[in-house]
Amino acid sequence: MTTKTNTKANTKANVSYQPIKKFGATNLSATVFGLGYIKYAPGTIGSLVGLIDFAVSIHFLHTLNFFYIPFIIVTSYYFINRYCTITKKHDPKEVVLDEYAGQYLTCFLAYYILSFTNTESVRLYDTYILNYY
(Lines give C-alpha, C1' and ligand atoms only; values in the text may rest on other atoms or scores of the structure.)
Protein backbone atom coordinates (compact mmCIF):
# COMPACT_ATOMS: atom_id res chain seq x y z
CA MET A 1 0.00 0.00 0.00
CA THR A 2 1.43 3.35 -0.98
CA THR A 3 0.81 6.45 1.06
CA LYS A 4 0.82 9.88 -0.43
CA THR A 5 2.43 12.55 1.64
CA ASN A 6 1.36 16.11 1.55
CA THR A 7 4.44 18.03 0.41
CA LYS A 8 3.03 21.40 1.49
CA ALA A 9 2.57 20.19 5.04
CA ASN A 10 6.07 18.73 5.11
CA THR A 11 7.73 21.88 3.82
CA LYS A 12 5.83 24.06 6.28
CA ALA A 13 6.86 21.82 9.15
CA ASN A 14 10.55 21.97 8.16
CA VAL A 15 10.73 25.75 7.93
CA SER A 16 12.49 27.26 10.91
CA TYR A 17 10.15 30.11 11.74
CA GLN A 18 10.93 32.10 14.83
CA PRO A 19 7.89 33.97 16.08
CA ILE A 20 8.52 37.52 17.19
CA LYS A 21 7.52 38.57 20.68
CA LYS A 22 4.44 40.76 20.60
CA PHE A 23 5.76 43.18 23.18
CA GLY A 24 9.47 42.81 22.46
CA ALA A 25 11.65 45.82 21.73
CA THR A 26 12.11 44.86 18.08
CA ASN A 27 8.40 44.50 17.40
CA LEU A 28 7.39 47.63 19.29
CA SER A 29 10.07 49.71 17.60
CA ALA A 30 9.61 48.43 14.05
CA THR A 31 5.84 48.78 14.20
CA VAL A 32 5.98 52.11 16.08
CA PHE A 33 4.29 50.74 19.20
CA GLY A 34 1.89 48.53 17.25
CA LEU A 35 0.62 51.15 14.79
CA GLY A 36 1.76 48.94 11.93
CA TYR A 37 -0.92 46.40 12.83
CA ILE A 38 -3.75 48.83 12.10
CA LYS A 39 -5.88 47.36 9.34
CA TYR A 40 -6.17 50.35 7.02
CA ALA A 41 -3.26 52.55 5.86
CA PRO A 42 -0.61 51.70 8.47
CA GLY A 43 2.12 53.49 6.51
CA THR A 44 0.08 56.67 6.31
CA ILE A 45 -0.54 56.56 10.04
CA GLY A 46 3.18 55.99 10.67
CA SER A 47 3.97 59.04 8.54
CA LEU A 48 1.36 61.08 10.38
CA VAL A 49 2.90 60.13 13.72
CA GLY A 50 6.30 61.23 12.39
CA LEU A 51 4.82 64.57 11.37
CA ILE A 52 3.15 65.08 14.75
CA ASP A 53 6.30 64.06 16.59
CA PHE A 54 8.33 66.54 14.56
CA ALA A 55 5.87 69.35 15.29
CA VAL A 56 5.99 68.62 19.01
CA SER A 57 9.75 68.24 19.14
CA ILE A 58 10.47 71.37 17.10
CA HIS A 59 8.25 73.28 19.48
CA PHE A 60 9.70 72.00 22.75
CA LEU A 61 13.13 70.57 21.89
CA HIS A 62 14.36 72.99 19.25
CA THR A 63 18.09 72.24 19.47
CA LEU A 64 17.90 68.54 20.37
CA ASN A 65 16.76 67.59 16.86
CA PHE A 66 20.37 67.55 15.70
CA PHE A 67 21.00 64.67 18.09
CA TYR A 68 17.67 62.95 17.49
CA ILE A 69 18.02 62.63 13.70
CA PRO A 70 21.13 60.37 13.76
CA PHE A 71 19.50 58.38 16.57
CA ILE A 72 16.38 57.78 14.44
CA ILE A 73 18.43 56.74 11.41
CA VAL A 74 20.63 54.27 13.28
CA THR A 75 17.88 52.71 15.38
CA SER A 76 15.43 52.43 12.50
CA TYR A 77 18.03 50.64 10.37
CA TYR A 78 18.83 48.26 13.22
CA PHE A 79 15.25 47.42 14.22
CA ILE A 80 13.90 47.10 10.68
CA ASN A 81 16.77 44.84 9.68
CA ARG A 82 16.33 42.75 12.82
CA TYR A 83 12.54 42.48 12.34
CA CYS A 84 12.92 41.35 8.72
CA THR A 85 15.60 38.83 9.70
CA ILE A 86 13.51 37.32 12.49
CA THR A 87 10.26 37.11 10.53
CA LYS A 88 11.97 36.27 7.21
CA LYS A 89 9.76 38.78 5.39
CA HIS A 90 10.96 41.34 2.89
CA ASP A 91 9.42 44.79 3.50
CA PRO A 92 6.44 43.73 5.63
CA LYS A 93 3.56 46.17 5.73
CA GLU A 94 3.44 46.22 9.53
CA VAL A 95 6.89 47.83 9.70
CA VAL A 96 6.16 51.56 9.70
CA LEU A 97 9.31 52.81 11.38
CA ASP A 98 10.74 53.66 7.95
CA GLU A 99 7.74 55.86 7.16
CA TYR A 100 8.02 57.54 10.55
CA ALA A 101 11.76 58.20 10.13
CA GLY A 102 11.36 59.38 6.54
CA GLN A 103 8.61 61.83 7.40
CA TYR A 104 10.52 63.15 10.42
CA LEU A 105 13.71 63.63 8.40
CA THR A 106 11.85 65.32 5.54
CA CYS A 107 10.11 67.75 7.87
CA PHE A 108 13.40 68.48 9.63
CA LEU A 109 15.21 69.25 6.38
CA ALA A 110 12.33 71.33 5.00
CA TYR A 111 12.05 73.37 8.19
CA TYR A 112 15.74 74.19 8.37
CA ILE A 113 16.09 74.91 4.66
CA LEU A 114 13.14 77.29 4.89
CA SER A 115 14.52 78.88 8.06
CA PHE A 116 17.92 79.45 6.43
CA THR A 117 16.27 81.12 3.46
CA ASN A 118 14.30 83.19 5.99
CA THR A 119 10.89 82.85 4.41
CA GLU A 120 7.97 84.77 5.81
CA SER A 121 6.08 81.69 7.05
CA VAL A 122 9.00 80.40 9.12
CA ARG A 123 9.67 83.88 10.51
CA LEU A 124 6.03 84.19 11.58
CA TYR A 125 6.11 80.72 13.13
CA ASP A 126 9.27 81.53 15.07
CA THR A 127 7.95 84.90 16.20
CA TYR A 128 4.38 84.08 17.17
CA ILE A 129 4.37 80.37 17.98
CA LEU A 130 7.77 79.52 19.44
CA ASN A 131 8.15 82.76 21.40
CA TYR A 132 4.57 82.65 22.62
CA TYR A 133 5.23 79.93 25.20
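**Exercise 1. Describe how helix H3 passes helix H5, and which residues make the contact.**

Helix H3 passes helix H5 in a right-handed crossing, as seen in this model, which is a predicted one. Two packed helices are described by the angle between their axes and the distance between the axes. For H3, which spans residues 42-60, and H5, which spans residues 97-117, the axes come within 7 Å and cross at roughly 40°. That angle makes H3 oblique to H5, because angles under 35 degrees would count as roughly parallel and those from 65 to 115 as roughly perpendicular.

The next step is to look at the side of each helix that takes part. From H3 come Gly43, Gly46, Ser47, Val49, Gly50, Leu51, Asp53, Phe54, Ser57 and Ile58, and these meet Glu99, Tyr100, Gln103, Tyr104, Cys107, Phe108, Tyr111 and Tyr112 of H5. Sorted by character, the residues of this contact of H3 with H5 comprise ten nonpolar, six polar and two charged.

**Exercise 2. Work out how H4 is oriented towards H5, and what kinds of residues form their contact.**

Begin with the geometry: helix H4, residues 65-87, packs with H5 at an angle of about 155°, and their axes are 10 Å apart. Since angles over 145 degrees count as roughly antiparallel, H4 is roughly antiparallel to H5. The crossing of these two helices, H4 and H5, is left-handed.

Now turn to the residues. H4 contributes Asn65, Phe66, Tyr68, Ile69, Ile72, Thr75, Ser76, Phe79 and Ile80, while H5 contributes Leu97, Asp98, Tyr100, Ala101, Tyr104, Leu105, Phe108 and Tyr112. Divided by character, the contact of H4 with H5 holds 13 nonpolar residues, three polar ones and one charged one.

**Exercise 3. Find the aromatic pairs of the structure and characterise the one formed by Phe54 and Tyr111.**

A search of the whole structure gives eight aromatic pairs. A pair of aromatic rings is described by the distance of the centres and the angle of the planes. For Phe54 and Tyr111 the centres are 6.3 Å apart and the planes are at 65° to each other, an arrangement that is edge-to-face. Phe54 belongs to helix H3 and Tyr111 to helix H5, so this pair ties together parts that are 57 residues apart in sequence. Both Phe54 and Tyr111 are buried.

The last step widens the view to the neighbouring rings. Ring pairs link Phe54, Tyr68, Phe71, Tyr100, Tyr104, Phe108, Tyr111 and Tyr112 into a cluster.

**Exercise 4. Examine the phi angles of Val32 and Phe33, and decide whether each residue is buried or exposed.**

Most residues other than glycine have a negative phi, and most peptide bonds are trans. Val32, although it is not a glycine, has a positive phi of about 50°, and Phe33, likewise a residue other than glycine, has a positive phi near 60°. Val32 is found in the loop between helix H2, residues 25-30, and H3, and Phe33 also has its place in the loop between H2 and H3. Their surroundings can then be read from the relative accessible area: Val32 is buried, at 10%, whereas Phe33 is exposed, at 70%.

**Exercise 5. Set out the overall make-up of the protein.**

The protein has six helices and zero strands, and from the N terminus on its elements run α-α-α-α-α-α. Of its 133 residues, 29% count as buried. Taking the contacts between residues at least 6 apart in sequence, 68% join residues at least 24 apart.

How values were computed
Residues numbered from 1 in each chain as written. Predicted model: local features only at pLDDT ≥ 70, side-chain atom pairs only at ≥ 80, totals over all residues. Heavy atoms only, no water. Axes fitted to C-alpha atoms, helices over the stretch in contact; angles between N-to-C directions. Helix = DSSP H or I, 4+ residues; strand = E, 2+ residues; numbered from the N terminus. Left-handed = near helix turned anticlockwise from the far one by under 90°. Contact = heavy atoms within 4.5 Å. Nonpolar A, V, L, I, M, F, W, Y, C, P; charged D, E, K, R; others polar. Phe/Tyr/Trp six-rings, centres within 6.5 Å; stacked < 30°, edge-to-face > 60°. Buried < 20%, exposed > 50% of the residue type's maximum accessible area, 1.4 Å probe, protein only.
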